[in-house]
Amino acid sequence: MEQHAPGGPYGPGRERWFDEAAGPIVRPYAVTRGRTRPRGEPLDIVTILVVTGAPPAEPGRLTREQRRLLALCRRPYTVADLASELELPFGVIRVLAGDLLDSGLVAVQRWTSPAAAPHTDQNLLRRVLDELRAL
Amino acid sequence: MNSARSDRPKDPANGRADPEKEEQDGPRVALKILVAGGFGVGKTTLVGAVSEIRPLRTEEALTDASVGVDDLDGVAAKTTTTVAMDFGRITLRDGVAIYLFGTPGQERFWFMWNELSRGALGAVVLADTRRLTASFASIDYFEEKGTPFVVAVNCFDNADRYDAPEIRNALDIDPRVPVILCDARQNDSAKRVLVGLVEHALRLASNPVPTGVAKPVEGPLEGRLR
C-alpha cells in the first residue's frame with residue numbers, strides 16, 4: 001500500500017521525498033506536478049499510443065518521463081505497457097501521456113472505427129479463440 | 001529494430017505487414033480480460049500461468065471532489081492509495097494482444113474495475129470452494145455491468161471437490177455463465193479458462209441479450225433468461 005511521507009500529503013511547492021528501499025524515490029504525482037487527472041478524456045489502460053512525428057514546440061519543457069514515453073511510442077504502445085515499462089502508476093502515465101496527446105506529440109491509434117467495440121466484434125473474437133486454442 | 005519512420009502502421013484494409021514485423025510494430029488491437037477474485041485465490045498464479053507477468057501499479061485519489069481540477073489545491077487535501085495489479089500480456093498474431101489484469105475482489109477496489117471493465121472482452125471470477133462467498137461481490141458486479149464472465153474454480157489440493165452444477169447452484173448464477181474447474185498453476189488449465197471466456201463472449205455477441213439486467217424482467221424476455 002501507499003507509503004505516506006511523514007507529515008501527510010504534499011502541498012503546493014513542497015515535493016516530498018521518501019526513501020523506501022523498494023518504492024519510488026519521488027512521490028508518483030510529483031512527476032505530474034501534482035495533477036492526478038488528465039486534462040482531456042481519460043485514456044483507457046489499453047489505449048494504444050504512437051508518436052505523430054511532430055516536433056515538440058518547447059522541447060525543454062518535456063519532463064524526463066515524457067521524453068521516455070515519446071521514445072517508447074515510436075512504435076505503438078499501450079498505456080499499461082508504458083506504465084509497467086516506466087515503473088510509474090497507471091494514473092501518472094495517464095496524466096503524462098494525456099499532455100503529450102494534447103500537444104499533438106502522440107496520437108491514439110485506431111485500427112478499427114471507434115464505434116467497433118472489440119468485445120462484440122465476432123470476427124475478432126473468433127480469431128482470438130482460434131489462436132488461444134492453438135497456443 | 002525499425003529505424004525509419006517510413007514503416008508507420010498501415011491501415012489493415014490496405015495490405016499487411018509480415019508477422020514478425022508486426023510483432024515489432026507493437027499491438028494493433030489490445031483486448032482486456034479481468035481476473036477478479038479474493039485475496040489468495042490464485043489470481044497471480046493464473047495470470048502467470050498463461051502470460052509473462054509484469055508489475056503494474058495504479059495510484060488513485062480516494063476523493064473525487066476535484067475531478068477535472070488540475071491544480072495543486074485540489075491535490076493537497078487528497079490521499080492516494082496504491083494498488084498493485086497482476087498484469088500479463090499474451091501476444092497473438094496479426095497484432096492482437098490480450099492484456100490480463102488481476103484485480104483485488106473487494107468492493108473498495110471497484111473504482112479500478114469501472115475503469116478496467118469498460119470495453120473489456122470479459123472477466124474471469126476466480127473462486128475457491130472454501131470461500132465461495134468471497135466471489136459474490138465480483139459476480140454481482142459483472143452481472144450488473146453486463147461484462148461477459150466465467151467462474152473459474154481453482155481446485156486447491158486440500159479443498160473439497162464439488163462439481164460444476166453444485167457450485168453454480170451455490171453461487172446462484174445465470175445458467176449460461178460457464179463454471180470451469182481449473183488448476184490455476186497449469187498453463188493448459190489456465191488457457192482453458194480463457195478459451196471458455198472467449199467462447200462465452202462470442203456466444204453473447206452472436207446472441208445478444210440486454211445487458212445490465214439485474215432484476216427479473218417481465219414479458220417474453222423472461223423465458224430467455226431462465
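At 57% relative accessibility, B:Asp188 counts as exposed, since this value lies over the 50% cut-off. In this predicted model, B:Asp188 is paired with B:Lys191 in a salt bridge whose closest N and O atoms are 3.8 Å apart. The two ends of this bridge sit in contrasting surroundings: B:Asp188 is exposed, whereas B:Lys191 is buried, with a relative accessible area of 13%. Both residues belong to helix α7 of chain B (residues 187-206), where they are 3 residues apart, about one turn of the helix. An α-helix has 3.6 residues a turn, so residues three or four places apart point the same way.

A second salt bridge within chain B brings together the side chains of B:Asp183 and B:Arg185, with an N to O distance of 3.0 Å. Here the acidic partner, B:Asp183, is buried at a relative accessible area of 18%, while B:Arg185 is partly exposed at 49%. The value for B:Asp183 falls under the 20% cut-off and therefore places this residue in the buried class.

Salt bridges also reach across from one chain to the other. B:Asp94 forms one with A:Arg127, and the closest N and O atoms are 3.9 Å apart. On the chain B side, B:Asp94 lies in the loop between β3 (80-91) and β4 (96-104), and on the chain A side, A:Arg127 is part of helix α4 (residues 122-134). Both partners of this pair fall in the partly exposed class: B:Asp94 has a relative accessibility of 26%, and A:Arg127 has a relative accessible area of 35%. Over all chains, the count of salt bridges comes to 13.

Not every charged side chain is considered in terms of a bridge. A surface patch of negative charge is formed by B:Glu107, B:Asp140, B:Glu143, B:Glu144 and B:Asp172. One of these residues, B:Glu144, is found in helix α5 of chain B, which spans residues 136-145. B:Glu144 counts as exposed, because its relative accessibility of 57% is over the 50% cut-off.

Turning to chain A, the fold contains 4 helices and 3 strands, arranged along the sequence in the pattern β-α-β-α-α-β-α. Of the 135 residues in chain A, 49% are buried. An open sheet of 3 strands takes the order β2-β1-β3, with antiparallel pairing. The edges are held by β2 (77-78) and β3 (106-108), each with a single partner strand, so one side of each is left without a neighbour in the sheet. Strand β1 (residues 48-51) runs antiparallel to β3(A) and is joined to it by 3 bridges. Within this pairing, A:Leu49 has A:Val108 of β3(A) as its bridge partner.

Helix α2 of chain A (residues 79-86) offers a clear picture of burial. Because 7 of its 8 residues are buried, this helix is largely enclosed by the rest of the structure. The buried residues are A:Val79, A:Ala80, A:Asp81, A:Leu82, A:Ala83, A:Ser84 and A:Leu86. Just after α2(A) comes A:Glu87, whose phi is positive, near 55 degrees.

Note on methods:
Residues are numbered from 1 along each chain as its sequence is written. Chains are lettered from A and ligands numbered from 1 in the order in which they are written. This is a predicted model: local features need pLDDT of at least 70, side-chain atom pairs count only at pLDDT 80 or more; totals for chains, interfaces and linings use all residues. Side-chain values use heavy atoms; hydrogens and water are left out. Patches are made of residues with over 30% relative accessible area and no salt bridge: like charges are joined within 9 Å, nonpolar side chains (Val, Leu, Ile, Met, Phe, Trp, Tyr) within 5 Å. Accessible areas come from the Shrake-Rupley method with a 1.4 Å probe; for residues, only the protein chains shown count as cover. A salt bridge is a side-chain nitrogen of Lys or Arg within 4 Å of a carboxyl oxygen of Asp or Glu. Lys and Arg count as positive and Asp and Glu as negative; His and the chain ends are not counted. The place of a charge is taken as NZ of Lys, CZ of Arg, CG of Asp or CD of Glu. Helices (H or I, at least four residues) and strands (E, at least two) are DSSP runs, numbered from the N terminus. Buried means under 20% relative accessible area, exposed over 50%, partly exposed in between (1.4 Å probe, protein chains only). Two strands pair if DSSP finds at least two bridges between them.
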